[in-house]
Protein chains: 2
Amino acid sequence: MNPINLQEKFAQFSEHWSPKVVGELNGQHIKLAKFQGEFVWHKHDEEDELFFVVNGSFVMEFRDKNVLLNEGEFLIVPKGVEHRPVATEEVWVMLFEPASTLNTGDTINELTKFELEKL
Amino acid sequence: MNPINLQEKFAQFSEHWSPKVVGELNGQHIKLAKFQGEFVWHKHDEEDELFFVVNGSFVMEFRDKNVLLNEGEFLIVPKGVEHRPVATEEVWVMLFEPASTLNTGDTINELTKFELEKL
């Protein structure tokens with residue numbers, strides 16, 4: 001039971017689109033990720049996903065609209081909804097989602113991370 | 001699917017120790033609360049609880065130690081562990097926990113909130 005400092009954890013990695021697990025509770029993971037560029041379109045059939053912006057901003061693209069997310073804001077993407085995060089500049093994001101959640105959902109490609117590092 | 005701005009939500013209430021639900025996913029709630037003063041000793045038999053400090057700082061007291069939590073830090077309190085938040089000055093906290101979680105856990109008193117407002 002030690003406090004987790006987000007800035008310290010974010011300072012420990014630089015790669016994009018590679019979520020790190022920094023906490024676990026009730027079968028859910030707290031993950032930190034740095035986004036930059038365009039991710040892949042995907043959905044999660046069984047998991048809702050929360051994105052909280054710690055630093056910067058990004059756009060969550062949906063098939064029918066785009067949602068801009070700024071620092072200090074979060075967005076919940078319900079299961080089954082296709083989405084794609086796009087970040088013009090690097091953004092730091094905290095995710096809250098079931099431990100079973102795969103980063104690319106139903107789209108398996110070179111961005112898929114089957115094993116997540118714990119920080 | 002709209003972004004939730006924490007500062008805007010915190011501006012909508014002033015009372016202490018009265019969590020507001022601002023998001024729900026996978027059976028979990030995202031709650032915002034303002035703490036000031038000493039809460040009640042309690043534990044949650046079935047739920048782990050995450051406290052993330054958005055503004056200010058507070059001390060989480062345990063029976064065998066105290067943990068200081070500053071802005072930008074989170075702490076996970078495992079189920080079954082007695083704890084008591086104490087805030088010398090007002091602190092703004094975001095909580096992640098199962099929707100079933102009662103704010104005072106196994107201690108029912110005048111601080112217990114059986115119904116939570118949604119913001």
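Here are a few friendly notes on the internal cavities of this predicted model.

1. Let's start with the overall count. A search through the whole structure turns up two cavities of 30 Å³ or more. The largest cavity has a volume of about 140 Å³, and the second largest holds about 120 Å³ of space.

2. Now for the walls of the largest cavity. Its lining is made up of 13 residues. Those nearest the centre are B:Phe35, B:Phe39, B:Phe51, B:Leu95 and B:Asn103. If you are tracing this on the fold, look at β3 (28-38), β4 (49-55) and β8 (84-98) of chain B, the elements that each give two or more residues to the lining. The largest share, three residues, comes from β8(B).

3. What is the chemical character of that lining? The residues around the largest cavity divide into eight nonpolar, three polar and two charged.

4. Turning to the second largest cavity, 13 residues line it. A:Pro19, A:Phe35, A:Phe39, A:Leu95 and A:Asn103 are the closest to its centre. Here the elements that supply two or more residues to the lining are β4 (49-55) and β8 (84-98) of chain A. With three residues, β8(A) provides the largest share of this lining.

5. How do the lining residues of the second largest cavity divide by type? There are seven nonpolar, four polar and two charged residues.

6. One last suggestion for your viewing session: place the two linings side by side. β8(B) gives three residues to the lining of the largest cavity, and β8(A) gives three to that of the second largest.

Key
Residues numbered from 1 in each chain as written. Chains lettered and ligands numbered in written order. Predicted model: local features only at pLDDT ≥ 70, side-chain atom pairs only at ≥ 80, totals over all residues. Heavy atoms only, no water. 1 Å grid on protein atoms, 1.4 Å probe; cavity = no way out; pocket = protein on both sides within 12 Å on 5 of 7 lines; lining within 4 Å. Points joined across faces, edges and corners; volume = space filled by probe spheres on them. Helix = DSSP H or I, 4+ residues; strand = E, 2+ residues; numbered from the N terminus. Nonpolar A, V, L, I, M, F, W, Y, C, P; charged D, E, K, R; others polar.
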